[in-house]
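Trainee: I have not looked at this structure before. Could we go through its packing and its domains, one question at a time?

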Amino acid sequence: MDPHDKSIRWIKPPELGLLERSYLPLFLDGITTTLRHLFSRKKTVQFPDEPHQIPDPLLYRGVHRLNRDEQGRVKCVACFLCATACPAHCIDIVAAESPWPDREKYPESFTIDELRCIFCGMCEEACPVDAIELTSLYDLSGKSREEMIFDKEKLLSVYDQTIDKEPMRSRRQTAQPAGARSTLPTDRRDGLPTDNDPS
Amino acid sequence: MAVVIIDGRELILPEGRRLNGIEAARLVGIEIPHYCWHPGLSVVGSCRMCLVEVGMRDAKTGRITMQPKLVPACNTPAVDGTVFVTTSEKVRQARARVEEGLLLRHPIDCPICDKAGECLLQDYHFLHGQPQRRADLRPYTSRRRDIGDVTLFVDRCIMCSRCVRFTREISGSSELMVVGRGAQEEIDVFPGRPLHNNLSGNVVDLCPVGALADKDFLYRQRVWFMRCHRAICTRCAVGCSIWIDENQDRIYRLRPRPNPFVNKWWICNEGRYGYHYVHDRRRLVRPMRREGQSLHELDWGLLPDELCQRLRTAAPLAAVISPFVSVEEAYLLCKLIRSLDAQAVLACGPIPLVGQDQNFPGGFVVLAEKCPNRRGVEAVLAHFAGKVVSFDELLQQLADGLARGVWVAGGYPMPWIDHQQAQRFAGLELLIVQDLFPSPLSDLASYILPAAAFAEREGSYVNRNDWLQTSAWAIRPPSGVRPEGQLYWQMLGMPGLFNPRSVLDDIARQIMFFSAATCEIPETGLDLRVNLLAEGQADKERSHDV
C-alpha cells in the first residue's frame with residue numbers, strides 16, 4: 001500500500017485527557033463487571049452431570065430425524081433435494097419404487113454421515129414433504145466412524161424418540177388462499193387419483 | 001435471396017433449406033418455446049406454445065401487413081418477406097395462458113418425477129409462465145400405466161403426441177394412440193398390443209415432460225447429478241452418436257446425440273440398454289500370468305517391458321484385432337507387433353453377426369453387424385499387411401503352425417469364441433489375451449490382460465459408411481484396468497499418456513483411407529470417402545488421358 005495514496009484518509013487518534021491517561025475509569029468499569037459476575041447467578045452448566053436446557057427445541061439444529069407419515073411409513077419420497085442442497089455431501093440416498101400402492105417412490109436406503117454433517121439445516125429447508133428435520137438432540141457420540149453413519153432405521157428411531165417433545169414442523173399447516181399457496185397441498189391424500197385405473 | 005425478419009432482425013435464408021418459424025428463429029439465436037414440434041416428426045401444431053405474430057412484407061412497397069391472430073411458428077414456413085414477432089405482449093400473454101392451461105391438471109410431483117431438471121414444462125414455466133396460480137391444486141400423484149417397454153404416467157402427459165407420431169412415422173409400429181377427447185385425452189395402447197419395438201426407448205427422450213419413463217432408468221438417479229459425455233455407440237456398425245450420462249464413474253443411461261449424418265435423433269434399444277456389461281462384476285480387472293496351472297496376479301509397473309521381452313522370444317508372431325478396438329489402438333498394436341516381428345500375421349477378429357439388418361420406415365437402420373469398427377480395423381490391417389486376414393484364415397494358419405506367439409486384442413462385450421476355435425490356440429508358446437470377460441480363449445492364455453469398455457477408452461471408429469467419429473472417455477475404468485491405447489503407447493516406448501489425436505494424425509498421414517482425418521474431427525464425424533472420391537476421380541481422369 002502506498003502511504004501517499006490520495007484516496008487514503010488518515011485519521012489521528014483523539015487526544016487523551018488526564019483522567020483517561022490514568023486508566024482509572026476503564027479500570028473501575030472492568031472491575032465492576034468482574035464483581036457483578038462473581039456474585040450473580042452462575043451460567044455454567046455442569047455437563048454431563050446436568051443436561052443443557054435448549055431454549056427452543058424447534059429452532060435448534062441437532063441430530064436429524066426422518067419423519068413418519070400417518071401410517072408409520074417413512075415420509076421421505078426420495079427426491080434427493082436434501083442431498084442436492086447439502087453443502088457437506090453427507091446424505092446418500094438410494095431410491096426405489098415404493099412397495100405401497102399410494103406412493104410412487106421411496107428411499108430404499110437413506111444414510112447421513114453425522115460426522116460429515118455441518119448441521120446447517122439446508123436439508124430441512126429443501127425437503128418438499130417435511131420428511132427430514134433436525135431435532136434438539138446434541139449429545140452425539142459413537143465409538144467408530146461407521147457407527148456415526150446413520151441409516152434409515154436409526155433416523156426413524158430418532159423420530160420415535162423425539163416426536164413427543166418436538167412435533168413435526170410442517171410449513172403447510174396454515175390455510176392460505178389458492179393464489180398464494182405454496183407448491184404442495186396440505187394433505188397428500190387429497191390428490192390421489194379419483195378414478196380407479198386398472199393399471 | 002430470401003429474407004425473413006424475426007423480431008426486427010433480418011435473416012438471409014440458407015439456400016435449399018425449408019425452414020419453419022422455429023428453425024429460422026434459432027438461426028438468429030431466438031428460441032421459440034414449443035412442445036409438440038420436433039424436427040424429426042411431422043407437424044401437428046397442437047400444443048399452441050409456439051404461437052407468434054406473423055406478417056408479410058410486400059416486396060415492392062416494403063409495407064408489412066400483420067395477421068390479426070397469432071399463428072403457430074412450427075406450421076409457418078419461413079419464406080421471403082415473412083415477419084415473425086416473438087416478444088410482443090400478445091405473444092407473452094399467449095404463452096402464459098398455454099402454460100397455465102397445461103398446469104391446471106398437471107400433478108405437482110416434480111420431486112419424484114424423473115424428468116425434473118430437464119423438463120420443458122418446468123423450464124417454460126419459469127421462462128414464460130406466471131408466478132401466481134389461480135386454480136386450486138388438485139392432483140399430487142400421477143396414475144401409472146405399464147404400456148410395454150416404457151412406463152406411462154398418465155396424468156403428467158401434456159398431449160403433445162410426439163410419442164404417437166414417433167411410433168407411426170419412425171418405428172412404423174403404431175402401438176401408441178390417443179384415447180378419449182378433450183380434457184379426458186390420454187395416451188394408451190390397444191389391449192394385448194404393448195409398446196414393444198427396437199426403437200421404443202426414444203419416446204422417453206421425445207417426451208417433453210415426465211409422462212414416459214424409462215424402466216431401466218426409473219428412479220435410479222436425478223438428472224442434475226449426472227454429467228454428459230459425447231460418445232459413440234459400439235453395439236452395431238452404424239455407430240450412432242450418443243450421450244453417456246454418468247455420475248461418479250457409473251453410467252446411468254445413454255441418450256441419442258442428434259447427428260444428421262448418422263443417426264438423426266434416434267438410437268435403438270440394443271444400444272441404449274447395451275451398456276450394462278460395463279459394470280458387470282464378471283469383468284476381468286487385473287492382469288494375470290499363467291504359471292503352471294495357477295494364475296498369478298501382476299502389477300502394471302513392469303508388465304509392458306516383460307510383455308515385450310516375451311514377444312521378442314516368441315516370434316513368429318500373430319495378432320488378432322477385434323472390430324471393437326478403436327482405429328488408434330489397432331494402429332498402435334499393428335505397429336508394435338510389426339516392430340517385434342516384421343512378418344507377423346495381422347488378422348481381424350471375428351465379426352459378430354446377429355440376425356438381419358432392421359430397417360425402419362423413418363430411415364433408421366439397426367445393422368446385423370454388431371461391432372463399431374470393422375471398416376477402420378480392416379483399413380489399418382490392409383495398410384500393414386497388404387490384405388486383411390480373416391479370423392478363419394488365421395485359425396487355419398495357426399493349425400499350420402505359422403505362429404508361436406499370438407496377441408489377441410478382444411474387447412468383445414458378448415461371448416465371441418467357442419471351445420473348438422479356442423483349441424486352435426492351444427500349444428502356442430505365448431498367448432496374450434486382452435478381453436473384457438473370461439472366455440475359452442482366456443483359459444488358455446499365458447497372459448490375461450483386462451480390456452477397457454467403450455465408455456472407458458478414447459479413439460475413433462469408422463462405421464460401415466466410412467464415417468469416422470471420435471469418442472472420448474466418459475468414465476474411468478475399474479481399478480486395475482489399463483486402456484489398451486495406454487498399454488500399446490507405453491510398450492512402443494512413447495513418453496507420457498496415450499494421445500489418440502497424435503496417433504490419428506500419424507494414421508492420416510500414413511494411410512490413404514484416413515487422409516481426410518488430418519483436420520479437426522467435427523462432433524458429428526467426418527466422411528472418409530471425401531478424399532477417396534476425389535482420388536477415384538483423379539484416377540479416372542488419368543485413365544482418360546491415357
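Trainee: Which residues does B:Ala455 touch, leaving out those up to four places away in sequence?
Mentor: Keep in mind that this is a predicted model. A contact here requires C-beta atoms within 7 Å. With residues up to four places away in sequence not counted, the partners of B:Ala455 are B:Ala231, B:Ile244, B:Ile251, B:Tyr275, B:Val278, B:Trp473, B:Ala474 and B:Ile475.

Trainee: Which helix gives the most to the largest nonpolar core?
Mentor: The largest nonpolar core has 146 residues. B:Ala455 is among those with the most contacts inside it, as are B:Ala319, B:Ile321 and B:Leu333. With eight residues, the helix that gives the most to this core is α8 (residues 327-340) of chain B.

Trainee: How many residues are in the other core, which lies apart from it?
Mentor: Its members include A:Leu81, A:Cys82, A:Cys86 and B:Cys113. The number of residues in this other core is 31.

Trainee: What distance separates the centres of domain 2 and domain 3 of chain B?
Mentor: The domain assignment of chain B places domain 2 at 105-279 and domain 3 at 301-347 + 373-533. Taken over C-alpha atoms, their centres are separated by 37 Å.

Trainee: Which element gives the most to the side of domain 2 of chain B that touches domain 3 of chain B?
Mentor: The contact takes 20 residues from each of domain 2 and domain 3 of chain B. On the domain 2 side, the elements giving two or more residues are β12 (227-232) and β13 (241-247) of chain B. The most, four residues, comes from β12(B).

Terms used
Residues are numbered from 1 along each chain as its sequence is written. Chains are lettered from A and ligands numbered from 1 in the order in which they are written. This is a predicted model: local features need pLDDT of at least 70, side-chain atom pairs count only at pLDDT 80 or more; totals for chains, interfaces and linings use all residues. A nonpolar core is a set of buried Ala, Val, Leu, Ile, Met, Phe, Trp, Tyr and Cys residues joined through C-beta atoms within 7 Å. A residue is buried if 20 or more other C-beta atoms lie within 10 Å of its own, exposed if 12 or fewer, and partly exposed in between; C-beta atoms are placed from the backbone. Two residues are in contact if their C-beta atoms, placed from the backbone, lie within 7 Å. Domain bounds come from an automatic or database domain assignment.
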